Amino acid sequence: MRKKLQLLSALFFAVLSAVATAQTLSLTFDDGLNPDKQPLAASWNQAILDGLKNTNITAMVFPALDRLGGEAGLALIQQWGEQGHAVGNHTSKHRSLASPQLSLNDFIADVAEADVVLNTLPNWMPMLRFPYLKEGDTVEKRDGIREWMRQHGYKAAPVSIDASDWYYNQVYSAWMDAGEPAKAQQVQAAYIEHLLDRATYYDNLAMQVLERRPAHVLLLHTNRINAETIPDVIEAFTQNGWSFVPPLQAFNDPLYVADVDSLPAGESIIWANAKIKGVEGLRYPAEDSVYEEPHLKALGLLPLPTTE
């Protein structure tokens with residue numbers, strides 16, 4: 001009997017250890033699509049939603065009003081809510097709170113203006129995703145927006161894993177528009193590799209700074225490359241041992257609740273914690289096109305094709 005109890009105990013703690021070290025990920029998408037400027041906006045939006053539905057993944061979208069263009073773009077966001085994905089706030093004008101030219105009051109006005117439009121959508125959640133992940137270049141801005149959010153029932157929606165999908169989208173779209181699908185497929189492969197690399201980096205940084213793996217939140221955008229690659233992205237993460245959870249579940253992790261008093265405020269929440277703890281070698285900005293260009297050049301994917 002003692003041996004059986006010891007075996008059961010060992011199995012129990014093995015399960016607990018596996019849970020504690022499991023790599024979990026949630027998908028969030030910023031911006032939204034504008035059918036007035038993007039003729040394929042509706043099909044791209046549907047492709048992302050279909051990719052999520054077919055893999056039983058619940059995500060969250062953070063629309064910015066100026067990226068939607070009006071009622072047609074808002075209708076696309078409504079589809080997210082109707083299909084069970086949470087909808088948050090990415091402001092009206094998508095302006096950076098780290099810009100010296102943007103005042104706290106003007107930024108708050110952007111948040112409030114978007115709130116009026118978005119808060120009637122299905123699955124609306126009063127959660128703010130800061131444009132460019134910038135949360136203020138001064139103490140007054142950083143603490144001022146936090147106080148406004150507390151007074152108005154808002155929560156922040158940080159990310160733990162940042163990436164440059166917006167840049168890969170530019171490169172991918174350029175090759176597709178140039179009639180070079182083989183080159184575009186190379187970009188897709190490099191993009192998936194990039195996301196896995198960034199996820200591994202931030203996961204390792206979390207182990208260094210937090211001494212644990214949080215429920216990760218990945219920042220993506222509603223764009224062409226994700227519309228045409230998201231099933232492969234999900235498969236790649238799954239094959240590499242990641243499991244998916246809804247963002248609202250991930251945001252319950254204590255990591256996303258505590259304020260981090262770094263300046264300039266923002267970036268990945270793990271990056272911000274690492275900066276506070278004095279981790280050396282951190283890039284600023286943490287993610288950008290300049291870091292990706294050498295690799296894409298080596299693959300023959302830069303410079304971009306020219307169009308007449």
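**Aromatic pairs, a helix contact and a buried alanine**

Ala114 comes out as buried, since its relative accessibility is 0%. All of this is read from a predicted model. The residue belongs to helix H5, which covers residues 104–118. Leaving aside anything up to four places away in sequence, Ala114 touches Leu65, Asn89, Thr91 and Ser92. There is also a long hop along the chain here: Ala64 sits 50 residues away from Ala114 in sequence, yet the two C-alpha atoms are 7.2 Å apart in space.

On to the helices. H2 (residues 41–54) packs against H9 (residues 224–239), with the two axes 8 Å apart and an angle of about 10° between them. With the cut-off for roughly parallel set at under 35 degrees, that angle makes H2 roughly parallel to H9. On the H2 side, the contact is made by Trp44, Ala47, Ile48, Gly51 and Leu52. Their partners in H9 are Arg224, Asn226, Ala227, Glu228, Ile230, Pro231 and Ile234. Sorted by character, the residues of this contact come to 8 nonpolar, 2 polar and 2 charged.

Then there are the rings. Searching the whole structure turns up 11 aromatic pairs. One of them joins the sequence neighbours Tyr201 and Tyr202, with ring centres 4.9 Å apart and planes at 75°, so this pair goes down as edge-to-face; the cut-off for that label is over 60 degrees. How buried or exposed is each of the two tyrosines? Tyr202 is buried, because its relative accessible area is 0%, while Tyr201 counts as partly exposed on account of its 28% relative accessibility.

Tyr167 and Tyr168 make another of the aromatic pairs, also edge-to-face, with 6.4 Å from centre to centre and 75° between the planes. In this case both tyrosines are buried. The two also belong to a wider group, as Trp166, Tyr167, Tyr168 and Tyr191 form one aromatic cluster.

Rings in this model also host charges. The charged end of Arg129 sits over the ring of Phe62, at 4.4 Å from the ring centre. Trp175 has a similar visitor: the charged end of Lys183 sits over its ring, 5.5 Å from the centre.

Terms used:
Residues are numbered from 1 along each chain as its sequence is written. This is a predicted model: local features need pLDDT of at least 70, side-chain atom pairs count only at pLDDT 80 or more; totals for chains, interfaces and linings use all residues. Side-chain values use heavy atoms; hydrogens and water are left out. Rings of Phe, Tyr and Trp (its six-membered ring) pair if their centres lie within 6.5 Å; planes under 30 degrees apart count as stacked, over 60 as edge-to-face and the rest as tilted. Buried means under 20% relative accessible area, exposed over 50%, partly exposed in between (1.4 Å probe, protein chains only). A charge sits over a ring if NZ of Lys or CZ of Arg is within 6 Å of the ring centre and within 35 degrees of the ring normal. Axes are lines fitted to C-alpha atoms, for helices over the stretch in contact, and angles run from 0 to 180 degrees between N-to-C directions. Helices (H or I, at least four residues) and strands (E, at least two) are DSSP runs, numbered from the N terminus. Angles under 35 degrees count as roughly parallel, over 145 as roughly antiparallel, 65 to 115 as roughly perpendicular and the rest as oblique. Contact means heavy atoms within 4.5 Å. Ala, Val, Leu, Ile, Met, Phe, Trp, Tyr, Cys and Pro count as nonpolar, Asp, Glu, Lys and Arg as charged, and the others, Gly among them, as polar.
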